[in-house]
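I opened my notebook to look up a few side chains and their surroundings, and I wrote down each thing as I found it.

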Amino acid sequence: MKIYNDCYKAVRKKCFKFIKSQETSKEKFKNKERMIKKYLIPVSFWISDKCKSRPYFIGLAGGQGTGKTTISTILKIILINYFKLNVFKISIDDFYKTRKDRINLSKRIHPMLMTRGVPGTHDIKVMLDFFKNTKKKKFKKMKLPLFDKSIDDRLPKKKWYEIKKRPDVIILEGWCVGAKAQTNLEIKKSMNSMERTMDKQLKWRKYVNYNLKTSYKKLFKQLEALLYLKASSFNQLRKWRLKQEKKLKLKTKSNKNLKIMNKKDVISFMQTYQRITENMFKNVPKYASIIMNLNSSHQIKSVIYKK
């Protein structure tokens, strides 16, 4: 379609510049032109057509290492530069509780809650306040947290995001965005060795599930569309997450104090994500607005529009 080609010409340079910033000497993006033209530009047109009410809240979900940040950033570039929309993109990861808060949570509820990631380890109130503020007649400028995974903690306030103007589109991306709670019967069955050995009394998974059923449900109700990046399996996600950590190590190798995970750490870390990720594999395609199916090479192989 000519309109898609016009859009591609307008955004190509900025999209390629961003993609280049994500590449390493050993790992280059393949078929980037096809990904942008065939998949992400049509998705951007779909978003532009839907966002009649402002702000328009979009959730973008996908397991560990599926490329959520890359996809959401390219969508943001297209929406800003071609559709002239004011887009604010943030990760649910930026709302993690501080390291100090998670230490307290791990002592009070369960030791596994020291590991960031699962529902119950985010500051939901800050997110809900942000959404509420963007809907007010008079928007007040605000700051939102920025989390640094390499130090496993929130950055100082002076480094936080500053939003001065009401966004037209808000993209909330994250591995558990849009996830739903499980039944009591599903909770009883252990998913892996970590759950079997460290959560024998089901305290950790019941706490996580309770949060999904309550505050996270309230948060995800704010979303007007959900985009889902679907990988083929949990094993595939594990491989991609290992790659992601290697990439982070290369980018920050000059700093020896950073909390970069080794292979054993990643495998252990991923076990805390497995329950919700597997449940999302099964259920999110039933209610997501758009499903982007990924192949083993980390590329979009098809897009299904549901709503």
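**Entry on Asp 199**

I began with Asp 199, which I found in the loop between helix H7 (193-198) and helix H8 (203-213). I kept in mind that I was reading a predicted model. Is Asp 199 buried or exposed? Its relative accessibility is 1%, and because buried means under 20%, Asp 199 counts as buried.

Next I looked up what surrounds Asp 199. Leaving aside residues up to four places away in sequence, I noted that Asp 199 touches His 110, Met 112, Met 194, Trp 204 and Arg 205. For Trp 204 I could add a detail, since the side chain of Asp 199 reaches the backbone nitrogen of Trp 204 at 2.9 Å.

**Entry on aromatic pairs**

I then turned to the rings and asked how many aromatic pairs the structure holds. The count is 12. One of them is formed by Phe 88 and Phe 130, with 5.7 Å from centre to centre and 70° between the planes. I wrote this pair down as edge-to-face, because planes over 60 degrees apart count that way.

I also looked up where these two rings sit along the chain, and found Phe 88 in strand S2 (residues 87-91) and Phe 130 in helix H5 (residues 124-135). The two are 42 residues apart, and the pair links distant parts of the chain. Phe 88 is buried at a relative accessible area of 11%, and Phe 130 is buried too, at 1%.

The second pair I looked up was that of Trp 175 and Tyr 273, whose ring centres are 4.3 Å apart and whose planes meet at 55°, so I recorded the pair as tilted. Trp 175 lies in the loop between strand S7 (169-174) and helix H6 (184-188), while Tyr 273 lies in helix H11 (residues 263-287), so this pair ties together parts that are 98 residues apart in sequence. For Trp 175 I noted a relative accessibility of 3%, which counts as buried, and Tyr 273 is buried as well, with a relative accessible area of 1%.

I went back to Phe 88 and Phe 130 and found that they belong to one aromatic cluster, together with Phe 57, Phe 131 and Tyr 161.

**Entry on lysines over rings**

Last, I asked which ring Lys 37 lies over. The ring is that of Tyr 8, and Lys 37 lies over its face at 5.0 Å from the ring centre. I made a similar note for Lys 180, which lies over the face of Tyr 287 at 4.0 Å from the ring centre.

How values were computed. Residues numbered from 1 in each chain as written. Predicted model: local features only at pLDDT ≥ 70, side-chain atom pairs only at ≥ 80, totals over all residues. Heavy atoms only, no water. Phe/Tyr/Trp six-rings, centres within 6.5 Å; stacked < 30°, edge-to-face > 60°. Helix = DSSP H or I, 4+ residues; strand = E, 2+ residues; numbered from the N terminus. Buried < 20%, exposed > 50% of the residue type's maximum accessible area, 1.4 Å probe, protein only. Lys NZ or Arg CZ within 6 Å of the ring centre and 35° of its normal. Polar contact = N/O pair within 3.5 Å; in protein donor to acceptor, adjacent residues only side chain to side chain. Contact = heavy atoms within 4.5 Å.
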